[in-house]
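Dear colleague,

Here is the structure I said I would pass on. My notes on it follow below.

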Amino acid sequence: MSLQDDLTAVKRCLDDLVRSVGQLERSLAQQRREKPAAMTAGRSDGLVSIPDTPYDTSLWTDSDDEGLGARDRRAP
């Protein structure tokens, strides 16, 4: 390939990228106009309170210690 062919290919790719970004921006703008509440539905502005009471120990039955492996096995 010649330098001119390389430059032409780069220009074509850049034009495709600019066109794709434009389409994405238009699509996002349309979604924001159509569903503004749906985009923020997953976010919660309030704080979640975590109780001070201990967890039920049965939740941890048969669980492995993260990063330490199973309790009754030895590392190789």
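**Notes on the model**

L17 has its place in helix α1. Please keep in mind that this is a predicted model.

Overall, the protein has two helices and zero strands. Of its 76 residues, 3% are buried. The accessible surface amounts to about 7,800 Å², and carbon and sulfur atoms account for 56% of that area.

On the nonpolar side, L17 belongs to a surface patch together with L14, V18 and V21. The accessible area of these four residues together is about 360 Å².

Next, the charged pairs. Side chains of opposite charge can pair when their charged atoms come close. How many salt bridges does a search of the whole structure find? The search finds two.

One salt bridge joins K11 to D15, with 3.5 Å between the closest N and O atoms. Both residues lie in helix α1, which covers residues 3-34. K11 and D15 are four residues apart, or about one turn of the helix. D15 has a relative accessible area of 34% and is partly exposed, because the partly exposed class runs between 20% and 50%.

The other salt bridge is formed by the side chains of R19 and D16, at 2.4 Å from N to O. R19 and D16 are also placed in helix α1, three residues apart, again about one turn of the helix. Is R19 buried, exposed or partly exposed? R19 has a relative accessibility of 46%, so it counts as partly exposed. D16, at 34% relative accessibility, is likewise partly exposed.

In short, the charged pairs K11 with D15 and R19 with D16 lie in helix α1, as does L17 of the nonpolar patch.

Regards

Technical notes: Residues numbered from 1 in each chain as written. Predicted model: local features only at pLDDT ≥ 70, side-chain atom pairs only at ≥ 80, totals over all residues. Heavy atoms only, no water. Buried < 20%, exposed > 50% of the residue type's maximum accessible area, 1.4 Å probe, protein only. Areas by Shrake-Rupley, 256 points an atom, 1.4 Å probe, with all protein chains shown as cover. Patch = residues over 30% accessible without salt bridge, like charges linked within 9 Å, V, L, I, M, F, W, Y side chains within 5 Å.
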